[in-house]
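Subject: Model handover

Hello,

Here is the structure I promised. Please open it alongside this message; my notes follow below.

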Amino acid sequence: DLDHLQRMGVEAIRIHVFDREISDAAGNLKHNEHLDLLLYLVDQCSRRGTYMVLTPIAWWPGPNQRPDAFSAQTSKPGMMFVPEGRAAAARYLGQFLTQRNPYSGRALKDEPCLGALEVMNEPTYFVYGDLYAESYVPQGEPPAQLARDRATLRTAWSAWRQSHGLPDNPAMFAVFRYGQMRAYIREMVGAIRATGARQPIAISYFGVNGD
């Protein structure tokens with residue numbers, strides 16, 4: 001495949017990693033054939049001068065996923081605000097980028113091919129209507145998991161309103177969520193930068209999710 005890409009003049013490829021194949025519930029990295037194949041691909045890209053844009057967290061389920069993987073424990077919107085999910089994601093990012101590639105002898109963060117990092121593939125965000133109803137269209141999450149994550153968001157929303165002396169107002173929810181997202185971004189970028197990785201970092205926006 002890489003031979004053909006080189007013949008076509010392709011200079012960069014983007015890969016999003018199926019983190020559920022290579023992680024546990026706490027976000028610890030698990031070495032197996034899936035991770036080995038990825039590291040082999042990274043080494044081949046470094047040797048060929050092909051850049052990679054790497055997205056370490058896909059979130060998506062798959063046939064080879066570990067049932068205890070951290071992103072399987074949290075809804076897709078919940079990845080932004082559920083404390084356990086965020087902590088596991090930060091731990092995973094740190095271990096993912098500092099692991100040694102057996103094919104090159106380098107830490108992943110130091111691979112010449114690694115041109116940019118994107119934290120998570122196509123994140124999704126709850127809107128105000130999800131506090132008290134079911135506005136979000138599930139992407140494979142169990143109903144109990146979504147109910148739990150909505151309750152977590154509702155608790156955080158209530159505490160934020162009380163700390164600012166504000167009523168339950170949809171307009172203020174946009175401000176609340178803005179703060180939630182800033183905190184998430186700071187935590188994920190901090191986890192990446194703590195490894196010594198210097199690549200540009202992207203946080204993407206997916207779908208229509210309110211203001």
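A polar contact here is a pair of N or O atoms within 3.5 Å; within protein, one must be able to donate a hydrogen and the other to accept it. Keep in mind that this is a predicted model.

**Arg66**

That cut-off applies at once. The side chains of Arg66 and Asp68 make a polar contact of 3.0 Å. Arg66 sits in the loop between β2 (51-55) and α3. Its relative accessible area is 25%, so Arg66 ranks as partly exposed. Leaving aside residues up to four places away in sequence, Arg66 touches Arg20, Glu21, Ser23, Asp24 and Lys30. Asp19 is 47 residues from Arg66 along the chain, yet their C-alpha atoms are separated by 9.2 Å.

**Salt bridges**

How many salt bridges does a search of the whole structure find? The count is 10. Three of them are described here, with the burial of each partner.

Asp43 and Arg47 pair through their side chains at 2.7 Å, N to O. Both belong to helix α2 (residues 33-48), and they are 4 residues apart, so about one helical turn separates them. An α-helix has 3.6 residues a turn, so residues three or four places apart point the same way. Is Asp43 buried or exposed? Asp43 is buried, at 3% relative accessible area. Arg47 is exposed, at 59%.

Glu111 and Arg106 form another salt bridge, at 3.0 Å, N to O. Glu111 is buried, with a relative accessible area of 2%. Arg106 is partly exposed, at 31%.

Arg150 and Asp130 make a further salt bridge, with 3.6 Å between the closest N and O atoms. Arg150 is in helix α4, while Asp130 is in the loop between β3 and α4, so this pair ties together parts that are 20 residues apart in sequence. Arg150 is buried, at 7% relative accessibility. Asp130 is buried too, at 2%.

As background, side chains of opposite charge can pair when their charged atoms come close.

**Helix α5**

Helix α5 covers residues 170-193, which is 24 residues. From first C-alpha to last, α5 reaches 35 Å. That is close to the 34 Å expected at 1.5 Å a residue. What caps the N-terminal end of α5? Asn169 does: a side-chain oxygen of Asn169 lies 2.7 Å from the backbone nitrogen of Ala171.

The buried residues of α5 include the aromatics Phe173, Phe176 and Tyr184. Met181, Met188, Ala191 and Ile192 are buried as well. So is Arg177. Against which elements do the buried residues of α5 pack? They pack against α3, β3, α4 (143-164) and β4 (201-202).

**Surface patch**

Leu37, Tyr40 and Tyr103 make a nonpolar surface patch of about 310 Å². Tyr103 comes from the loop between α3 (83-98) and β3 (114-118). Tyr103 is partly exposed, at 33% relative accessible area. Patch residues need over 30% relative accessible area, so Tyr103 qualifies on that count at 33%.

**Where to look**

For a quick tour, begin with the Arg66 and Asp68 contact. Go on to the Arg150 and Asp130 salt bridge. Then view the Asn169 cap on α5. Finish at the patch of Leu37, Tyr40 and Tyr103.

Best wishes

Notes: Residues are numbered from 1 along each chain as its sequence is written. This is a predicted model: local features need pLDDT of at least 70, side-chain atom pairs count only at pLDDT 80 or more; totals for chains, interfaces and linings use all residues. Side-chain values use heavy atoms; hydrogens and water are left out. Patches are made of residues with over 30% relative accessible area and no salt bridge: like charges are joined within 9 Å, nonpolar side chains (Val, Leu, Ile, Met, Phe, Trp, Tyr) within 5 Å. Accessible areas come from the Shrake-Rupley method with a 1.4 Å probe; for residues, only the protein chains shown count as cover. A salt bridge is a side-chain nitrogen of Lys or Arg within 4 Å of a carboxyl oxygen of Asp or Glu. Helices (H or I, at least four residues) and strands (E, at least two) are DSSP runs, numbered from the N terminus. Buried means under 20% relative accessible area, exposed over 50%, partly exposed in between (1.4 Å probe, protein chains only). The expected span of a helix is 1.5 Å times one less than its number of residues. Contact means heavy atoms within 4.5 Å.
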